[in-house]
Amino acid sequence: MALRVRAALATLLVAALVTGCSVRLETPSPSEPEPDSLEVARRAAVTDALEVAGLARELVVETGTEEPPGPALARTVDAAAAHLEALGGVYESGLVDADGEADVQVAPTSTRSPDEPGPSPTVVAEPGDPAVDEVSVLVERLSQSYSRSRGSLVTVPDAGLARLVASIGAAQLAQARSIAAAAGVPITPVDLPATPVVPAELPGVSAGTLIPLVQLEDAAGYAFEVVAARVESEAERVAASARADVHRDRAQAWAVVAGVAGTSSDPREAVYALAPDVLTGAGATAYLGTLEVDLADAYGTLLGDVAEDDRIAAADLLTDSYLSARTWGAAPLFFPGMPEQRD
């Protein structure tokens, strides 16, 4: 009898162990959590930066950094590394990939300061040159990344990430133009307006936020007018004069939006203080570049305050100011419109 009881207990124990093992074996493996809208937007920007970095790094290895477009390519790789870091890098769930591949890593090509300008003289591309074809692919990818960034601004759920995405897009478009000019390859037009305009209204944004833009734009218009009257180059005179009109028009538009046009609260002045070297003509164009960088920073800040539907308008003004800054000799920036990233 005792033997039969022990045998029955042993049978039950084995059955319980087998059942337990069966449950554990049938439990599904841990899976990656579903990303929310914020993570989707972040990963899209990370993907763009990774692809840009990969293309640029391959070209740097092939062409070197001594001759154009080498310096511009190297800066693009460095910028992509900074962009990836600011975005939080490649997502890692901690799970082992099915294919066992390691995550892509991107490192800067040098310790060059993001504010250090590099030579980018224009060269004539030779048709059929494989390197030129690869440069064209990179330029196109940078332009596509800019367009994707711009289009995503209305759906990015976080204002801080929207500012970062817009800043990175502006930097990438400037990189595309610099590389294209240095390599002598064409650049595909993007959806940035030729001359972005101030929106007719910005619901939810206070007049106190907009009034500084009135004075910044008006002061820039004044400076461009002064420089236009002093530079010797006819081309620079025409360009500075045209840009002065743009800034004066924007100052007026912001004054209207802020509700201060023609009132005692209008901050515009008849004249503005200028650096002595601007009045003598020396360093005048560099000063204009500095003013445009300041405006890009102001529009980057504004982008964080406006509603989602108004972000593209603010981003266009940011990008336009930064591209103008580069035209007037300002150093390339990894994060135009985000001065806190340059501290």
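Biologist: Which hand does the crossing of α9 and α10 have, left-handed or right-handed?

Modeller: Happy to start there! This is a predicted model, in which local features need pLDDT of at least 70, side-chain atom pairs count only at pLDDT 80 or more, and totals for chains, interfaces and linings use all residues. Residues are numbered from 1 along each chain as its sequence is written, and side-chain values use heavy atoms, leaving out hydrogens and water. With helices taken as DSSP runs (H or I, at least four residues) numbered from the N terminus, and left-handed meaning that the near helix is turned anticlockwise from the far one by less than a right angle (right-handed if clockwise), the crossing of α9 and α10 is left-handed.

Biologist: Are α9 and α10 roughly parallel or roughly antiparallel?

Modeller: Their axes, lines fitted to C-alpha atoms over the stretch in contact with angles from 0 to 180 degrees between N-to-C directions, come within 8 Å and cross at roughly 165°. Angles under 35 degrees count as roughly parallel, over 145 as roughly antiparallel, 65 to 115 as roughly perpendicular and the rest as oblique. That crossing therefore makes the pair roughly antiparallel.

Biologist: What distance does α9 reach from its first C-alpha to its last?

Modeller: Helix α9 covers residues 284-303, which is 20 residues. The expected span is 1.5 Å times one less than the number of residues, giving 28 Å here. The model comes close to that, at 29 Å.

Biologist: Is A296 buried or exposed?

Modeller: A296 lies in helix α9, and beyond four places in sequence it touches L318, S321, Y322 and G337 (contact means heavy atoms within 4.5 Å). Buried is under 20% relative accessible area, exposed over 50%, and partly exposed in between, with a 1.4 Å probe and protein chains only. At 1%, A296 is therefore buried.

Biologist: Which helix supplies the largest share of the largest nonpolar core?

Modeller: Such a core is a set of buried Ala, Val, Leu, Ile, Met, Phe, Trp, Tyr and Cys residues joined through side-chain atoms within 4.5 Å. The largest one has 43 residues, with L210, W254, Y299 and L302 making the most contacts inside it. Helices supplying at least two residues each include α2, α6 and α9. The largest share, seven residues, comes from α5.

Biologist: And how many of the residues of α9 are buried?

Modeller: One residue of this helix is A296, with a relative accessible area of 1%. Helix α9 is largely enclosed by the rest of the structure, because the buried count out of 20 is 14.
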